[in-house]
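Open the model in your viewer and keep the sequence panel visible. This tour goes from one selection to the next and says what is there.

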Amino acid sequence: MDDHRSENDDVFADELHEECGVFGILGHPDASTLTALGLHALQHRGQEAAGIVSFDGLRFHSERRMGLVGDHYTDPVTLAKLPGTIAMGHVRYSTTGEVALRNVQPLFAELEVGGIAIAHNGNFTNGLTLRRQLIAGGAICQSTSDTEVVLHLIARSRYKSTGDRFIDAIRQMEGGYSMLAITRTKLIAARDPTGIRPLVMGELDGKPIFASETCALDIIGAKFVRDVENGEVIICEIQPDGSISIDSRKAGNGQPERLCLFEYVYFARPDSVVGGRSVYVARKNMGINLAKEAPVEADVVVPVPDGGTPAALGFAQESGIPFEYGIIRNHYVGRTFIEPTQQIRAFGVKLKHSANRAMIEDKRVVLVDDSIVRGTTSLKIVQMIRDAGAREVHLRVASPMIYYPDYYGIDTPDREKLLANQYDSLEAMCRYIGADSLEFLSIDGLYRAVGGEPRNNARPQFTDHYFTGDYPTRLLDKDGETMGNKLSLLASNG
């Protein structure tokens, strides 16, 4: 994967990022406006770029922009450029493919069967392998996005209908993804055979909606219908009489679902329901289990906001130690706007977090965070708490140690850059971070928090390779040493 983040951008370099979120609606007069609202609710899944494509009965319309949804799609002039009753949209954080407007989804192509726009959340583990095969066969690729590979496969399919061509194409893709496509009459939704990435189906005024999370349904007052099943393709089509048909097909091989655990640990919004489970409740349970597994004598439980807040509440509830907001987060931080000299970089964590001295001074503090990647941010936050007068700082992490990189749409560092692989003991890791003690939630503790039972090692219930090394699919690009290799495309300013 293409981790283009600078090692020196301390505000962002120690975070995990997911590739994107998707939203689509069929047959509604306010399709583009509702899509913009849905994308706003999914903004946490990608902040680099956003795009919307609509169809008005005659032609497709596309608006793709760098930046946040609210920077562009709150403007009535922009939404007026997206007429029609069919629309779909996408928010992006790039993992495969560089940051450029040509990679902003949805991608559109005019095919023999008509126009089609496609967007997806996740990553294909054979995307570069297929791309090279397509290019060797004469294909011309305009972007570095995996999504373009799907368009080529649809174009080359010998099936007649777009629905059949779509299924034919995704049967050739491997990895973790949820995908949406629109044609002149259809909204098509698909989820990978393992069910790694989430996708839900909703309904508003009798019209079908698909979105990465339920929070996108809530923002527009839509009804949750069900989760799209792993390996399922749902084809919704406007009929000549104006009614909408819904056809469900199976493109996968019937293997058990294995949702990504990091949806519960970090990515999904806490008010979402993923796989029938409240994300907020799961995170609070992580904190409860963490307090049982790694108790400590302390005066106050402080979350590392915002991700650590539900787990810290659970830790405080189970331990009986008071919960306090000992760190205040600045929600308006963006890219560092000053020349990033070493002196300015030292301010990085303070751009995002500030210690609340009144709750910390002269106290034994339990810091609760959701995860640790490189550990550079944890080091700075622990020091910030000490500088605010804490007597002791005990770091508790509401997920297991991350040992392995991800290839399904999470922007993770190379394996050797992960904190868990840089030290041979928990004590050495703790010394690096500067805490008085450091403990992580066990893998069984995490499984119990989310699914209510320990990990079934013979048939794991969730995707958890970043903790265990157990990848649920083949990694063709990686095994063929193409995963993460950059493509030699023309540099672009937009």
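**Two crossing helices**

The crossing of helix 9 and helix 17 is right-handed. This is a predicted model. To see the crossing, select residues 279-293 for helix 9 and residues 443-451 for helix 17; their axes come within 8 Å of each other, at an angle of roughly 145°.

Now show the side chains where the two helices meet. Helix 9 contributes Ala282, Asn285, Met286, Asn289 and Glu293, and helix 17 contributes Gly445, Leu446, Arg448, Ala449 and Val450. By type, the residues of this contact are 5 nonpolar, 3 polar and 2 charged.

Stay on helix 17. Which of its residues are buried? They are Gly445, Leu446, Tyr447, Ala449 and Val450. Helix 9 is one of the elements these buried residues pack against; the others are helix 8 (262-267), strand 17 (277-278), strand 25 (462-463) and helix 18 (465-468). Then step just past the end of helix 17 to Gly452, where phi is positive, at about 90°.

**An open sheet**

Next, select the sheet whose strands come in the order 6-7-8-9-13-14. Its 6 strands form an open sheet with antiparallel pairing. At the edges are strand 6 (107-111) and strand 14 (244-250), each of which pairs on one side only. From one strand to the next, the twist averages 20°.

Zoom in on strand 7, residues 114-124, and strand 8, residues 175-182: they run antiparallel and are joined by 8 bridges. One place to look is Ala117, which stands opposite Ile182 in strand 8.

Add the helices that lie on these strands. Helix 5 (residues 146-156) lies across strand 6, strand 7 and strand 8, and its direction is at about 135° to strand 7. Helix 6 (residues 162-170) also packs on the sheet, where it touches strand 7, strand 8, strand 9 (186-191), strand 13 (232-238) and strand 14. The direction of helix 6 makes about 20° with that of strand 9.

**A parallel pair**

Move to strand 18, residues 300-303. In a regular strand the side chains alternate between the two faces of the sheet. In strand 18, Val300 and Val302 lie on one side, Val301 and Pro303 lie on the other, and all are buried, so that both faces are covered.

Add strand 21, residues 364-369, which runs parallel to strand 18 and is joined to it by 4 bridges. Pro303 has Val368 in strand 21 as its bridge partner.

Strand 21 also holds Asp369. Is Asp369 buried or exposed? Asp369 counts as buried because its relative accessibility is 12%, and the cut-off for buried is under 20%. Leaving aside neighbours within four places in sequence, Asp369 is in contact with Val304, Gly308, Arg396, Val397 and Ala398.

**An annotated cysteine**

Select Cys20, which is found in strand 2 (residues 20-26). An unreviewed UniProt entry places the feature "active site" at this residue, Cys20. Cys20 counts as buried because its relative accessibility is 0%. Not counting residues up to four places away in sequence, Cys20 touches Arg45, His90, Val91, Arg92, Tyr93, His120, Asn121 and Gly122.

**The whole chain**

Finally, zoom out. The chain has 19 helices and 25 strands. Of its 494 residues, 57% are buried. Among contacts between residues at least 6 apart in sequence, 69% join residues at least 24 apart.

Terms used: Residues numbered from 1 in each chain as written. Predicted model: local features only at pLDDT ≥ 70, side-chain atom pairs only at ≥ 80, totals over all residues. Heavy atoms only, no water. Axes fitted to C-alpha atoms, helices over the stretch in contact; angles between N-to-C directions. Left-handed = near helix turned anticlockwise from the far one by under 90°. Contact = heavy atoms within 4.5 Å. Nonpolar A, V, L, I, M, F, W, Y, C, P; charged D, E, K, R; others polar. UniProt positions renumbered as here; feature names shortened; annotations may be inferred. Buried < 20%, exposed > 50% of the residue type's maximum accessible area, 1.4 Å probe, protein only. Pairing = 2+ DSSP bridges.
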